[in-house]
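Student: I am new to this structure and would like a close look at a single part of it. Could you take me through the metal site slowly, and then through its surroundings in the chain?

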Amino acid sequence: MHRAGWVRKLDYFGRIVLPMDVRRDLGIEKQDGLEFSLQEQGIILIQIDKEQCRLCGSNHSLMPYRDSFICIPCIRELKGI
Ligand SMILES: [Zn+2]
């Protein structure tokens with residue numbers, strides 16, 4: 001699926017709404033996290049896997065952290081810093 005050409009304006013507060021059909025096709029739900037990646041040609045939105053370690057990408061031994069997850073090995077590694 002490749003779409004191009006849709007234009008959305010930022011609202012007064014700088015927010016943008018993703019079209020409903022795009023959200024539905026990509027399985028993006030309310031409150032899901034999206035990562036902004038700044039590129040030379042613009043901004044790319046990357047869908048964050050809902051149940052994946054935010055640091056290493058593992059989907060084992062996950063602990064919730066804010067609006068995402070961090071795995072226990074990464075937590076242990078961070079505690080050692
Ligand atoms: Zn991890």
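Tutor: What follows is a walk through the metal site and then a few residues elsewhere in the chain. Please keep in mind throughout that this is a predicted model.

The zinc ion is held by four sulfur donors, the SG atoms of Cys53, Cys56, Cys71 and Cys74, which sit at 2.2 to 2.3 Å from the metal. Read along the sequence, these donor residues follow the spacing C-x2-C-x14-C-x2-C. The angles among the four donor atoms run from 105 to 113°, and the site is tetrahedral; for four tetrahedral donors, the ideal angle at a metal is 109.5 degrees.

Two of the donor residues can also be described by their accessibility. Cys53 counts as buried because its relative accessible area is 3%, under the 20% limit, whereas Cys56, at 48% relative accessibility, counts as partly exposed.

Another residue to look at is Ser61, which is found in the loop that runs between β2 (42–47) and β3 (62–65). Its phi is near 55°, a positive value in a residue other than glycine, and most residues other than glycine have a negative phi. Ser61 is partly exposed, with a relative accessible area of 44%.

Elsewhere in the chain, helix α1 (residues 20–26) contains Asp25, a partly exposed residue with a relative accessible area of 38%. Between Asp25 and Arg66 there is a separation of 41 residues in sequence and, from C-alpha to C-alpha, of 26 Å in space.

Definitions and conventions:
Residues are numbered from 1 along each chain as its sequence is written. This is a predicted model: local features need pLDDT of at least 70, side-chain atom pairs count only at pLDDT 80 or more; totals for chains, interfaces and linings use all residues. Side-chain values use heavy atoms; hydrogens and water are left out. Helices (H or I, at least four residues) and strands (E, at least two) are DSSP runs, numbered from the N terminus. Buried means under 20% relative accessible area, exposed over 50%, partly exposed in between (1.4 Å probe, protein chains only). Donors are N, O and S atoms within 2.8 Å of the metal (3.2 Å for Na, K and Ca); water is not among the atoms, so sites may look incomplete. Four donors count as tetrahedral if all angles lie between 85 and 135 degrees; four count as square planar and six as octahedral if opposite donors are over 155 degrees apart and all others between 65 and 115; anything else is irregular.
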